[in-house]
Amino acid sequence: MATPPPDASQSQSQVKIEDDRTGMLVPVLRRAFLDNLVSLQGKSHVTATVRDRFFALAYTVRDRLFHRWIETHRTYYEQDARRVYYLSAEFLVGRSLGNNLRNLGIYERSRDALAELGVNIEDVLEQEVDAGLGNGGLGRLAACFLDSMATLALPGVGYGLRYEFGIFRQEINKDGQQIEHPDEWLRLGNPWEIARPEYSVTVHFGGRTEQVPLFDGAGGFKVRWLPSEGVVGIPYDTPVSGHATDTVNTMRLWRARASEEFDLELFNAGDYVRAVEDKTASENISKVLYPMDHSPQGKELRLRQQYFFVACSISDILRRYSYNHRGLEQFADKVAIQLNDTHPAIAIPELMRIFVDEHGMEWDAAFELTRRTCAYTNHTILTEALEKWPVSLFEQLLPRHLEIIYEINARFLAGLRQDGADDELCRRMSIVDEGPPRHIRMANLAVVGSHSVNGVAALHTRLLKEDLFVDFHARWPERFNNKTNGVTPRRWIDEANPELSKLVTESIGPGWLTDLEQLRKLEPLAEDAAFRKRFRAIKHGNKQALAALCAREASLALDPAMMFDVQVKRLHEYKRQLLNIMHVIHLWRQIGRDPGRAIVPRAFIFAGKAAPGYAMAKQVIHLIGQVAQVVNSDPAVNRHLRVAFVPNYRVSSAQVIIPAADVSEQISTAGYEASGTGNMKLSLNGALTVGTLDGANVEIREEVGDENFFLFGLTVEQVRELRQKGYRPHEVAAADPALGEVLELIKLGRFGPGFGGIVDSLLGGDRFFVLADFASYVACHRRVAEAYLDQEGWTRMAILNMARLGKFSSDRAIAEYARDIWRVTPVRTNLEPR
C-alpha cells in the first residue's frame, strides 16, 4: 500500500483531533469522555471512580467551550468591541457542569453517551462542589448577569477574587447553633479554571508620596507614590457560556501571591516561620470572603482585598484596551466599568491615579474620563452597610489614593458652594465624614465618580432618590435610574426544575428560555385540569427530593403531603426569620391546646448563613434550631407541624429547595430589602408569596395580581410614620395575648436558655417592626392555609405566578443595563456547524 503524502496524513489527523475536541454527537462525546479518563485522570473506564468520571466529563465539555471561547475573543478584538467589565466582590456561580451541558445543547447526548457505558449522569453531576465565591443575593445576581451577558452575546468580563476558602461551610450542631468551618472547595481541583500567570499584576501598598518637579518653567510637579510592599495578583479564568449561542465570555478571578515567596537566607538560618512570613501575609488577601472586620486587622484585610482585586482588574482592563488603542482618548468609548455595590468603588481613585500620575493627564480631563467610564449599582439602604473606611487606614495602606480622594472631594465641595450650598449640605454630601474619627464614605465616592447610579427595584430606587441619596439626586437627577433585578431561567427553571421545564416546553415551545415573557402563554393552561394535574405531580416529585435532602442533611423526615413553607436567604434581622419562627411557636401552642382540630399540615423550612460576627443573626439560627427540636419531638404536634433548618445553604441545595416550595416567605421590613431575587426564583417555580410591600415584592405583586399574592404588614410610609410618632413595641406586645405568650415562652427558656436578649431587643426597640407586623402575619397565614385546602385553586394560582413573571429575567435586566448605562451592543460569534 502506498504511503500517503505527509500533508494528507497530517490533515486526516487534524480532522480526528478536531472532532474529538469539538464534536457534539453521541459517539464523539463517548470517545472524548473515555479518552479524558485515560489521558487526564490516568484511569480506565473499569478503575475510574465517580469523581474521575466527573472530571472526565467536565474536561469533555470544557474542550467544546474553549473552542468557542477563543473564537469569541478573537471576534471581540477584530471588531474592536466596546466591553463591559463587571467588578464584584462575589460571583456565586454554584456548580457549572450541568449548566454548561445545557447551554451547549448536549445534556441529553452526554446523558446517552454515559448511559451506553453504564454511567448515570446524575451521579456524575452530584460530584461537583459548589464554587465558594459568594454568599448571598449580591453574588448570585452577579452570576446570573454573567450568564445573561453571554446569552445576549454582549462583550463582557466579570472580575473578582478567587477565594481559597469561600465564606465558610456551615454546620448546625445538635443544639441548633451555627458552627463555621473552612469551605475547602478547591481541595480536589477545579476543572473549569485556567491559570494565566503571564498576565500577573503587581499591586502596591503602603509607603509614602513625594512631589517630583516637572522642570516645565511653570513650577509644575507631579506626585509619585513610593510604596513599601507589593503583592502579585495571578489571574484564573473561567469560561462563561451563553445559552444556545457560540459566545463564551470570561470570569477572571485574582489570587494573591507574595512578590517574594520564600526567604532562603532566613530558612537556612533556622528561622522557618519568618522565612515564609511575607508569603502568608500576602496570600491572606484571597483566602476568605468577607473576613470579620471587628478588629483593626480585619478592617485592614478587607480594604486590602478590595484594592487588590480592583487594582489587578483595572491594570488588566488597560492591557486589553491597549491591544487596539495607543492613547486614552477612546477609553470611555470602549470601556464600561460596573461597580457592583461599594466594594469596588476604589476603582475611581485608582483610575485617577493611573490617568494623572502615570499618563500625565490634566485633572479635569482625567476625572471626566473616569466618570464616563464608571457606573455604580447600589444594593442597600442600610446606612451601616454602606462602607466607610477610617482615614488612618487609608493613610497607612493607600496614601496616594487618599490624596486623590481628598482632591476629588475638595473640587466637588467647591462646586457645591459655588452653587449656593450651605455647610450642612456640604457636610452631608462630603466624601469625607469628618467624624471624629474621620472616615471615607465609599458610597458618596461612587456617586460622585460615576455617570450612572441605579437601584435594583422600583421601590428601592425611589428610596435612594427620596432618602439615602436625596441630596445627590437633587443635584444630578439624570444619573439615577432603576434596573430591577432578574434571574436566569436556564439555571433556576431548566436546570433546577427539569420536569417543569419539560412541561413548559411541551406546552408553549422552547423560546421561553431566552424570552421569558413567553411564559404568558401558560395563562390559559391554568384553567386546564390536565395541565394542573401534571403541574401538581411535578411539584410533589420536587417535594420528595427536598424531603430526601432534609433527611440526608438535617436528619429530619418530612412528609411531601405537607405544605412546604420556605424561607431561604442569608440571616439578617431585617429579613425577619425571627418573625417566621415566632409564628411557628404560635402554631405549636395552638395545635398543642387542641390536637384534634383540623389543620393544614405544614413543614417550615429554613436555610441561610449568618455572618460569623453577627451575634443576633446567629442567635436567631440557634432559636430556630431549638424550636425545631421541641416541635419535631412533640408527638401531639409533629404530625401537623415540622421545622427544618437545612445547613450550608448554597446554589446546589437551593436548586432542590426552591422547586419544592409551596409558600415563599418574603417578609422583610418594608423599605429595607433592596430587591431580592429568591422571591423571583420561588415564584417562577410555582410558589405563592407571603410578603410585605418591600423590594421587588411590589413589582411581583403588580405582575401576578393582588389575588395571587398573600400580602401583610406595614408599608414603607407606615413604618416611617410609626417611627416618627414614637413606636412603643412593649405596648403592642401587651395588647396581643398570642404575641405576649410567644415572647414569654422564649424569655422563660421553653426553648432553652440564653434567648432573653432577643426578647429584650424586641421590647426595647424592635428596630425592624417584628412585633408590629406579628398579628398581620398570623392572619395572613390563616388565609394561606384556607387557600391551600383548595388544591385546584392553589395550583391555578401557582401557574399564574409562573406565567406572569416573565419580567424578572436577568436577560431583561442586562438588556436594560446594556441599552441605558453601558451602551454596548451584541457581538455575535458564529462557528460553522460541526
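This is a guided tour of selected cavities, strands and single residues in a predicted model.

Before starting, note that residues are numbered from 1 along each chain as its sequence is written. In this predicted model local features need pLDDT of at least 70 and side-chain atom pairs count only at pLDDT 80 or more, while totals for chains, interfaces and linings use all residues, and side-chain values use heavy atoms, with hydrogens and water left out.

**Stop one: the cavities**

Rolling a probe the size of a water molecule over the atoms shows where empty space is left. A cavity here is a set of points, on a 1 Å grid over the protein atoms alone, where a 1.4 Å probe fits but cannot get out, and its lining residues have an atom within 4 Å of a point. Grid points are joined across faces, edges and corners, and a volume is the space filled by probe spheres set on the points. The structure holds six cavities of 30 Å³ or more, and the largest of them has a volume of about 450 Å³.

Select Val93, Gly94, Arg95, Ser96 and Thr238, which are the closest to the centre of the largest cavity among the 35 residues that line it. Then colour α3 (50–78), α4 (97–104), α7 (137–151), β9 (229–241) and β10 (248–258), the elements that each give two or more residues to this lining. Helices (H or I, at least four residues) and strands (E, at least two) are DSSP runs, numbered from the N terminus. By class, the lining of the largest cavity divides into 16 nonpolar, ten polar and nine charged residues, where Ala, Val, Leu, Ile, Met, Phe, Trp, Tyr, Cys and Pro count as nonpolar, Asp, Glu, Lys and Arg as charged, and the others, Gly among them, as polar.

Move next to the second largest cavity, whose volume is about 100 Å³. Its lining includes Tyr76, Tyr77, Arg83, Arg320 and Tyr321, and the elements that give two or more residues to it are α3, β1 (83–87) and α11 (296–322). Six nonpolar, two polar and four charged residues make up the lining of this second largest cavity.

**Stop two: Ser313**

Stay with helix α11 and select Ser313, which lies in it. Is Ser313 buried or exposed? Ser313 is buried, because its relative accessible area is 0% and buried means under 20% (exposed is over 50%, partly exposed in between, with a 1.4 Å probe and protein chains only). Its side chain reaches the backbone oxygen of Phe309 at 2.6 Å. Leaving aside neighbours within four places in sequence, Ser313 is in contact (heavy atoms within 4.5 Å) with Tyr159 and Trp254.

**Stop three: strands**

Show β13, β15 and β14, which form an open sheet of three strands in the order β13-β15-β14, with antiparallel pairing. β13 (388–390) and β14 (432–433) stand at the edges with a single partner strand each, so one side of each is left without a neighbour in the sheet. Two strands pair if DSSP finds at least two bridges between them, and two bridges join β14 to β15 (residues 439–441). Within this pair, Val432 stands opposite Ile440.

Continue to strand β16 (residues 452–455), where Ser452 and Asn454 point one way, Val453 and Gly455 point the other way, and all are buried. Three bridges join β16 to the parallel strand β12 (residues 374–377), with Ala375 as the bridge partner of Ser452. Three bridges also join β16 to β17 (residues 480–482), again running parallel, and here Gly455 has Asn482 as its bridge partner.

**Stop four: Asn679 and its surroundings**

Now select β21 (residues 663–666) and β22, which run parallel and are joined by four bridges; Ser664 has Thr689 as its bridge partner in β22. Ser664 also leads to the next selection, since Asn679 touches Ser664, Gln666, Ala696, Asn697 and Ile700, not counting residues up to four places away in sequence. Asn679 is found in helix α27 (residues 678–684) and, at 1% relative accessibility, counts as buried. Which residue is joined to Asn679 by a polar contact of 3.1 Å between side chains? The partner is Asn697, a polar contact being a pair of N or O atoms within 3.5 Å (within protein, one must be able to donate a hydrogen and the other to accept it, and residues adjacent in sequence count only if both atoms are side-chain atoms). Gln567 can be added to the view, as it is 112 residues apart from Asn679 in sequence and 9.7 Å apart in space, C-alpha to C-alpha.

**Last stop: Asn497**

Finish at Asn497, in the loop between α21 (489–495) and α22 (498–508). Asn497 is buried, with a relative accessible area of 1%, and touches Ile538, Asn542, Pro659 and Asn685, not counting residues up to four places away in sequence.

Notes. On a 1 Å grid over the protein atoms alone, a cavity is a set of points where a 1.4 Å probe fits but cannot get out, and a pocket is an open set with protein on both sides within 12 Å along at least five of seven lines; lining residues have an atom within 4 Å of a point.
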